[in-house]
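Here are a few comments for you to read beside the model, taken slowly and one topic at a time. Please keep the sequence at hand as you go through them.

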Amino acid sequence: MPIVQGGMGVGVSAHRLAGSVAREGALGTIASIDLRHHHPDLVERCKASPDRATFEAANQEALAREIAAARRLSEGRGMIAVNVMRAVSSYADSVKTACDAGADAIVMGAGLPLDLPDLTESVDIALIPILSDSRGIALVLKKWMKKNRLPDAIVIEHPAHAGGHLGVANVGDIGDARFHFARVIEETMQTFDNLGIGRMRIALIVAGGINSHAALRACLAAGAAGVQLGTPFAVTEEGDAHPAFKRILAEAQPDDIVDFVSVTGLPARAVKTPWLARYLRNEERIRTKIGARQQVCPTGLECLSVCGLRDGIEKFGHFCIDTRLAAALRGDVANGLFFRGREALPFGPAIRSVRELLDLMLTGRAPAAA
Ligand SMILES: Cc1cc2nc3c(=O)[nH]c(=O)nc-3n(C[C@H](O)[C@H](O)[C@H](O)COP(=O)(O)O)c2cc1C
């Protein structure tokens, strides 16, 4: 099936969404970051012993449970992938857990996945980097070829349309022509030719703002093997986040969606809910006051390898991303950070099922609401 469900942290794409997508024969993705929030016993364990080692162990246990649960739900159909962000400090542990738990693929973004072949050596698992332009793709291909490995697919994510963290250094670069799907695909095909890689060898999957059957067809016509959708899957009935999270995403108007600099240093896209509006209003003041000051990690998880808040990096964002994303997951509209793509959704503000979304994307016909 030419449709992939993109990984969405924290906890937005866990076993229920990924397993439901796989059951329809498509590729479902579990986002590996901080999955303990879906497991009350692990949350209790972390409260009883609030140290980083316990948090990390709980998250890896939660990931293994989520993979097993998604597999059961999939009834053996489709594929179950695990999304790992390279910028996260536990990325190598999450790759290992995904391999041990029998995931079908690892999808890695938010940084260059140069060591992914080493981390998965001798494991039969598909490797799928997420990149945004042909220069990044050429770099990864050349490095991986030295290790005798090729990606099985590449997700090409457009920073002007996608949700969450965006693969570009500066907010001002988001609309650059080098990210246009047709151009990235064409340049990547030339790179394949230059490196002696068959044009059909690596599937190219485009992501960001694909919201209709017509858009899917246009991507396939431009040479993509498939499309990855994020926000449209986040708001399905089977999406693992709280119903209030889905309503915030589904009902957001174009003016409500903003780009800003995250604590990772990367630009990100989200809905301007009360907390984000307040943060952006005070961003300059916060930066001047505490921007260059190192802070103790508020959760103790130390989730990021480099964090603007903890490490006192002035030009990065200054908030606790884990706290904010976890609040959004449980539907805390006042305090959460609600990542979202830029474009309108296939069913507008309606919450529909995974099957209905896939039907609409594949046929262009909207099934009647149940
Ligand atoms: C709520 C949300 C969380 C996301 N979290 C992640 C993540 O943890 N890792 C990642 O690689 N991409 C993440 N993304 C990006 C999606 O996987 C997907 O590529 C992107 O949203 C596609 O654009 P669309 O939302 O317009 O379909 C996230 C997107 C959203 C909307």
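The points below deal with one strand, its partners and the shell around the ligand.

1. This is a predicted model, in which local features need pLDDT of at least 70 and side-chain atom pairs count only at pLDDT 80 or more, while totals for chains, interfaces and linings use all residues. Residues are numbered from 1 along each chain as its sequence is written.

2. Strand 11 covers residues 267–271, where strands (E, at least two residues) and helices (H or I, at least four) are DSSP runs numbered from the N terminus. In strand 11, 5 of 5 residues are buried, a term that asks for 20 or more other C-beta atoms within 10 Å of a residue's own, with C-beta atoms placed from the backbone.

3. In a regular strand the side chains alternate between the two faces of the sheet. Pro 267, Arg 269 and Val 271 lie on one side of strand 11, Ala 268 and Ala 270 lie on the other, and both faces are covered.

4. Strands pair if DSSP finds at least two bridges between them. Strand 10 (residues 257–261) runs antiparallel to strand 11 and is joined to it by 5 bridges, with Ile 257 as the bridge partner of Val 271. Strand 12 (residues 338–339) also pairs with strand 11 in the antiparallel sense, over 2 bridges, and there Phe 338 is the partner of Val 271.

5. Strand 7 (residues 164–165) is joined to strand 11 by 2 bridges, again antiparallel, and Gly 164 stands opposite Arg 269. Gly 164 is also among the closest of the 29 residues that surround the ligand, which are those whose C-beta atom, placed from the backbone, lies within 6 Å of it.

Terms used. A residue is buried if 20 or more other C-beta atoms lie within 10 Å of its own, exposed if 12 or fewer, and partly exposed in between; C-beta atoms are placed from the backbone.
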